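Colleague: I would like to go through this chain with you, one point at a time. Please put it up.

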Amino acid sequence: MGAPNAGSAGSAGAAGSAGNAGSSGVGGTGGGGGAAGTMGGAGGVGGTGGVGGEGGVGGTAGTMVGAGGTLGGEGGSGGMEMTDAGAIDMPFMCPETSTLTPGESNETATIGSATRDYILHVPDSYTGDTPMPLVIDWHPLFGSATGQRGGSGYRELADSEGFIVAWPTGIDNAWNVGPCCTFARDVDDLGFARAMVDAISARGCVDPKRIYATGYSMGGGMSHYLACQAADVFAAVVPASFDLLVPEEQDCEPARPVSVLSFRATNDLIVPYAGGASTPPNGAAVTIHFEGAEGTRERWAQMNDCTDEPTAMAGATDCVSSTSCSAGVEVGLCTRSNGHTYGDAVLGWDFMKRHPMP
């Protein structure tokens, strides 16, 4: 007897619909596979699994198709942690090799054709296996890296709290913050700050989300300047005995919200608490105009879109701050009557460490 004619192949099943992205970060369910054809026809291809939401788990795989069909599409993959801008926020990994070792050393950084000096202190707790914060501590006009190291209080805290600290040396024992205060107007202290961070980070395990600046007097001015011009590098700043200059003299457009805590004194005879005109005591041929302590706090609050009135800062009765600001940053002011002097390193570090890069 002759073989019977083979039945015609069944039509391929329709592809399943793609799963929707799950709510609250759960991946969507994969689409169901198409039904199998009647005589060995290929089943439809399963739909693509939904994309995992932010930090979510993968979606459920697509269902099996009928007999003879292919498998349904794979479920969505678990989502990576996403930033507000939608970019993937990858965890920081320490470099495989680190040439940084605990101790103190004199270092240099190169900016164009210029070589600049700084002192670097690496605490005993540094191993190169765990990312460590970095603080750049800027000296006052007429000051030095050595003087700032001995007077600011951050050297001792670096050892007890576990962070790296650097003390840079200014040309003319001053800093260029725009209209003031080095004699040469082309000194690139902004480039110096970036070069120091790059050089230290290249040699060891520095946490890029926990890089900070602080300073006293002109060094406080440099800290404000870095918040204005290098907020992509510095997570927070703690200036003492210096204020922002008026907008007509010093441009300040931070690349992102940035936390700022200022230490000021009502009886400061060098940088008046109320602000106003000032001539640098080093003889630089310029008159600058300060915003004043309250004016500086208000301007930082405005630039950071703070919506609350300042209230007492926990653990500091002479400090107030605004905390309802963009990206969770904080703007504070500590007002004292101790003249033109250093800030409080303990309060300053407590402020910094609770404000990593948003």
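Colleague: How many bridges join S11 to strand S12, and in which sense do the two run?

Modeller: This is a predicted model, in which local features need pLDDT of at least 70, side-chain atom pairs count only at pLDDT 80 or more, and totals for chains, interfaces and linings use all residues. Residues are numbered from 1 along each chain as its sequence is written, and side-chain values use heavy atoms, with hydrogens and water left out. Strands (E, at least two residues) and helices (H or I, at least four) are DSSP runs numbered from the N terminus, and two strands pair if DSSP finds at least two bridges between them. S12 covers residues 331-336, and the two strands run antiparallel, joined by 4 bridges.

Colleague: Which residue in S12 is the bridge partner of Cys319?

Modeller: S11 spans residues 316-322. The bridge partner of Cys319 in S12 is Cys334.

Colleague: Which residue takes a positive phi in the hairpin of S10 and S11?

Modeller: S10 (residues 311-313) pairs with S11 in the antiparallel sense over 3 bridges, and Thr311 stands opposite Ser321. The hairpin has 2 residues between the strands. The residue with a positive phi, near 80°, is Gly315.

Colleague: Is Arg264, which forms a salt bridge with Asp243, buried or exposed?

Modeller: A salt bridge here is a side-chain nitrogen of Lys or Arg within 4 Å of a carboxyl oxygen of Asp or Glu; in this pair the closest N and O atoms are 2.8 Å apart. The pair links distant parts of the chain, 21 residues apart: Arg264 is in strand S7 (residues 259-265) and Asp243 in the loop between strand S6 (236-240) and S7. Buried means under 20% relative accessible area, exposed over 50%, and partly exposed in between (1.4 Å probe, protein chains only). Asp243 is at 2% and counts as buried; because its relative accessibility is also 2%, Arg264 counts as buried.

Colleague: And Lys353, which meets Asp350 in a salt bridge: where do the two lie?

Modeller: Their N to O distance is 3.6 Å. Lys353 is partly exposed at 39%, and Asp350 is partly exposed at 28%. They are 3 residues apart, about one turn of the helix, and both lie in helix H6 (residues 345-353).

Colleague: Which residues are linked with Glu104 in a network of salt bridges?

Modeller: The count for the model comes to 16 salt bridges. Glu104 is in a network with Arg149 and Arg155.

Colleague: Which helix gives the largest share of the largest nonpolar core?

Modeller: A nonpolar core is a set of buried Ala, Val, Leu, Ile, Met, Phe, Trp, Tyr and Cys residues joined through side-chain atoms within 4.5 Å. The largest has 56 residues, of which Trp138, Ile164, Leu226, Phe234 and Trp300 touch the most other members. The largest share of this core, 7 residues, comes from residues 189-203, helix H3.

Colleague: Over which residues does pLDDT stay under 50?

Modeller: pLDDT is the predictor's confidence in each residue, from 0 to 100. The chain averages 82, and 75% of the residues score at least 70. Where pLDDT is low, the predicted coordinates should not be read in detail. The stretch with pLDDT under 50 is residues 1-87.

Note on methods: Contact means heavy atoms within 4.5 Å.
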